[in-house]
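Got your viewer open? Here is a short walk through the model, with a suggestion at each stop for what to select.

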Amino acid sequence: MKYDIQGGASPVLICNLQDEESVLTRGQNMSWMSPNIKVETHSGKTLSRSFFSEKSIMNTRYTAIGGFGTIAFASTLPGEIIALKLDGTKDYLCQRTSILASTFDVVVSKYLNEKINTTLFGEDGFTIERVSGQGVIFLETDGSVINYPLQAGQQIIVETGRVVMASGSCEFELRKQKDLNNPDKIVYNTIVTGPGIVLLQTMSPSKIAHEMQKRMK
């Protein structure tokens with residue numbers, strides 16, 4: 001699939017689809033598209049390959065019908081859109097809200113960790129999902145992206161919500177502590193252990209929401 005990322009600080013992913021070529025998303029989040037794009041949705045949590053990618057939880061498929069088609073997906077907040085290419089030999093762990101779209105043969109599935117026994121981290125509902133297969137997955141970030149390489153056993157402690165993506169070889173743990181500004185409140189940090197690469201975003205979604213609420217009062 002041919003694609004272009006435009007827009008500077010508020011980027012947009014523009015996918016140029018050949019006849020019967022598809023792109024997958026979670027929910028109907030397109031920004032604009034040509035009239036010949038067919039939209040199919042599925043309400044199930046797990047989709048069969050007869051409809052979408054095998055075992056993927058992406059539930060909306062956009063397909064060009066009768067010739068070349070264009071569809072665009074704009075970022076939710078100012079930041080970046082990253083195209084991550086998969087060759088089938090590695091998988092990645094991505095924050096759920098960072099996944100913007102993917103090509104057909106990319107599989108997005110639930111990630112479970114024995115140390116936390118859940119897919120949810122903290123009060124903000126931060127969710128990690130496993131990405132595998134072959135193709136391209138497009139990730140959106142809030143703010144700029146910082147790349148951290150971790151050696152085996154090396155750790156980094158991250159404010160929950162700032163992790164965009166990590167190598168599938170990394171491990172995640174949850175650490176809770178009292179909020180220094182409010183002792184009655186519990187806050188969560190995420191511990192990422194290498195080996196692998198970790199992508200972090202400079203803007204925190206929860207803090208953005210908090211600041212917006214303060215300024216609207």
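Start with the whole chain and colour it by burial: of the 217 residues in the protein, 44% are buried. Keep in mind as you click around that this is a predicted model.

Now switch to a cartoon view. You should find one helix and 19 strands. How much of the contact network comes from residues 24 or more positions apart? Among contacts with a separation of 6 or more, such pairs account for 75%. Turn on the surface as well: the protein exposes about 11,500 Å², and carbon and sulfur atoms supply 50% of that area.

**Stop one: a four-stranded sheet.** Select strands 1, 2, 7 and 4, which form an open sheet in the order 1-2-7-4 with antiparallel pairing. Strand 1 (2-6) and strand 4 (32-33) are the edge strands, each pairing on one side only. In general, strands of a sheet pair through backbone hydrogen bonds, so it helps to show the backbone atoms here. Then zoom in on residues 12-17 and 69-74: these are strand 2 and strand 7, joined in the antiparallel sense over six bridges.

**Stop two: the cysteines.** Stay on that pair of strands and pick Cys15, whose bridge partner in strand 7 is Ile71. Is Cys15 buried or exposed? Cys15 counts as buried because its relative accessibility is 0%, below the 20% cut-off. Next, select Cys170, which also counts as buried because its relative accessibility is 3%. If you are hunting for disulfides, the structure holds zero of them.

**Stop three: Ser102.** Select residues 99-103 to bring up strand 10, then click on Ser102 within that strand. With a relative accessibility of 0%, Ser102 counts as buried. Which residues does Ser102 touch, not counting those up to four places away in sequence? Show side chains for Val23, Leu24, Met58, Val136, Ile137 and Phe138 and you have the list.

**Stop four: a patch on the outside.** Finish by selecting Met30, Met33 and Val39, which together make a nonpolar surface patch of about 200 Å². Met30 sits in the loop between strand 3 (22-25) and strand 4. Met30 counts as partly exposed because its relative accessibility is 33%, which falls between the 20% and 50% cut-offs.

Technical notes:
Residues numbered from 1 in each chain as written. Predicted model: local features only at pLDDT ≥ 70, side-chain atom pairs only at ≥ 80, totals over all residues. Heavy atoms only, no water. Helix = DSSP H or I, 4+ residues; strand = E, 2+ residues; numbered from the N terminus. Buried < 20%, exposed > 50% of the residue type's maximum accessible area, 1.4 Å probe, protein only. Contact = heavy atoms within 4.5 Å. Areas by Shrake-Rupley, 256 points an atom, 1.4 Å probe, with all protein chains shown as cover. Pairing = 2+ DSSP bridges. Disulfide = S-S within 2.5 Å. Patch = residues over 30% accessible without salt bridge, like charges linked within 9 Å, V, L, I, M, F, W, Y side chains within 5 Å. Salt bridge = Lys/Arg side-chain N within 4 Å of Asp/Glu carboxyl O.
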